[in-house]
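User: I am new to this structure and would like a close look at one part of it. Please take the surroundings of the ligand, and follow the chain outward from there.

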Amino acid sequence: MTETVISNEALAELASSFSGALLREGDDGYEQARMVWNGQIDRRPALIARCSGVQDVRAAVRCGVQHGLDIAVRSGAHAAQGYGTWDGALVIDLSPMKAIDVDPSSQTARAQAGLTWGEFDKATQEHGLAVTGGRFSTTGIAGLTLGSGSGWLERRCGLTSDSLLSAEVVTAAGDLLTASKDENPDLLWGLKGGGGNFGIVTSFTYHLHAIGPMIYGGMMVSLPDRAPATLRFLRDYMANAPDDLGLGAAFVSAPPEPFVPEEMHFAPVFGVIVCWTGEVEEGERVLAPIREVARPVMDMVQPMPYVALQSMLDGGGPHGTRAYMKAEFLPGLGEEVIEKLVRHGASRPGPMAQLLLEPMGGAIARVDTSETALGVRDAPWAYHALALWQEPDEATESAHVGWARELARDLAPDTTSGVYLNFTSDVGDERVRDMYGPERYAKLVALKDRHDPNNVFHLNQNIRPSSA
Ligand SMILES: Cc1cc2nc3c(=O)[nH]c(=O)nc-3n(C[C@H](O)[C@H](O)[C@H](O)COP(=O)(O)OP(=O)(O)OC[C@H]3O[C@@H](n4cnc5c(N)ncnc54)[C@H](O)[C@@H]3O)c2cc1C
């Protein structure tokens, strides 16, 4: 059992100004509340403060700082590195904070940080509006937005953080600040990719885009031998494709679902996932050449609700999945890169492991690099090696982690730096500096010095203040 580092006096003091639940070891609900999405992470916080509103967040921050506790911040709990739970720490959990106010006339939504993308999309889609959201509906809006925000709509609407208009932030001093283009604009800049380094965001206001409620999308499933030709084709086609075409290409295993012929259950396949946000007829025309080269054995691309596409992949990574992830930007898909991708796609260590290729470009590439904390805008492709498994034994873990690491080693000469840190299990100063580059990192350090000089918010992809 972890030593409890919060005294009864400190707890009583916090409880006097806290409306949500405070959970310590032994309390009902503690065992469940200490777990995050990644089932590999097994940590025992000293206290989990489940916040019901902004005042709870402020009280928890002040308590943590006053009593010298490590503070871990959690919203959707999907960080692969498991930053949302920490041995001996005070976990400030915003997941109960789920208010959302959609204003169709101004095409904006003000959303509390505890919402998942499924909850957010449901509210905005009632008005035919959306912002780029995560590809799993269970992911939290908070960590995803602060770390960049990639999704099927990104080629049309940009990254999620590109649509962030303002945020309410509780600082390390427990104060509440607004970050917008008029107030603390440099803080807003830092929140667009700088992660949870500058404070705890209690609510986000987004500009919404007219999308849905129906789109033309889904997955085409091909046999793996179609992968090289399809990737070669997509390499050229996506370079000039309309922004309305969001896409992913994936080495996966066919799920044991009723819509899959039984003889194909768990068989390795090559999938092309599509999100077309324009007119259906136009989408059919745009997809025709992809269909021709991919020769799908199952073609499930059809008119469907945007929210259905957003939850289509959820079954591939339920809460408690064990995970290790690698990702990088690829400046191109040359013959040698395609050969490597096909080889590693074929050697996936288990049916849940996935190798995804995502074309970027479109609206992502049109944002000036000075506008957000994210440096790289012009990468045409990203790969995501998602080693996912469920068995708790070490052999399975080692096979999965080994596969992702070997793939990353093999592809290293073909990548460019700067991949957004939300995508990977990698941690450490070097990785963080590499992602932002020296100039941008220096600007982020200056921002950190102003808003969190003592590095209260350090359980994250950390930007260290100059004093550290
Ligand atoms: C199954 C799965 C699918 C994913 N799909 C995508 C995808 O399609 N696109 C994509 O871009 N990413 C994706 N990701 C990565 C995801 O964006 C990151 O894991 C992100 O951090 C998750 O945010 P969260 O709020 O759920 O996580 P949490 O673990 O709660 O938070 C992650 C970190 O963000 C910071 N943070 C969280 N909440 C706050 C807050 N309110 N204020 C300040 N800082 C905060 C903290 O540093 C925290 O440690 C996926 C991850 C998983 C596991």
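Analyst: Ser148 counts as buried, because 25 C-beta neighbours lie inside 10 Å and 20 are enough for that label. This is a predicted model. The place of Ser148 in the chain is the loop between H5 and helix H6 (154-157). Its backbone has a positive phi of about 140°, although Ser148 is not a glycine.

Helix H5 leads to the ligand. With five residues, H5 gives the most to the shell around the ligand. That shell counts 34 residues, and the ones that come nearest to the ligand are Gly76, Tyr83, Gly140, Gly143 and Gly196. Two or more residues each come from strand E3 (71-74), helix H5 (141-147) and strand E10 (200-207). Sorted by class, the shell has 18 polar, 14 nonpolar and two charged residues.

The next point is where the ligand sits relative to the domains. The chain is assigned domain 1 (8-93), domain 2 (100-211 + 442-451) and domain 3 (214-423). Domain 1 and domain 2 both give residues to the shell, so the ligand lies between them. The centres of these two domains, taken over C-alpha atoms, are 22 Å apart. Where domain 1 and domain 2 touch, the contact takes 13 residues from domain 1 and 14 residues from domain 2. On the domain 1 side, helix H3 (residues 54-66) supplies the largest share, six residues. That side has eight nonpolar, three polar and two charged residues.

From the contact, the view can widen to the nonpolar interior. The largest nonpolar core has 137 residues, and Ala60, Ile71, Leu90, Ile92, Met325 and Ala387 touch the most other members. Strand E19 (residues 381-389) gives this core its largest share, eight residues. Leaving aside residues up to four places away in sequence, Met325 touches nine residues by name: Ala80, His384, Ala385, Leu386, Ala387, Ala404, Phe423, Thr424 and Ser425.

Two further places in the backbone complete the path. The peptide bond from Gly212 to Pro213 is cis, with omega near 5°. Pro213 lies in the loop between strand E11 (209-210) and strand E12 (214-222). Phe266 lies in the loop between strand E13 (245-253) and strand E14 (268-276). Like Ser148, which has a positive phi, Phe266 has a positive phi without being a glycine, here near 70°. Ser148 is buried, whereas Phe266 is exposed, with 12 other C-beta atoms within 10 Å.

Definitions and conventions:
Residues numbered from 1 in each chain as written. Predicted model: local features only at pLDDT ≥ 70, side-chain atom pairs only at ≥ 80, totals over all residues. Near = placed C-beta within 6 Å. Helix = DSSP H or I, 4+ residues; strand = E, 2+ residues; numbered from the N terminus. Nonpolar A, V, L, I, M, F, W, Y, C, P; charged D, E, K, R; others polar. Domains from an automatic or database assignment. Contact = placed C-beta atoms within 7 Å. Core = buried A, V, L, I, M, F, W, Y, C linked by C-beta atoms within 7 Å.
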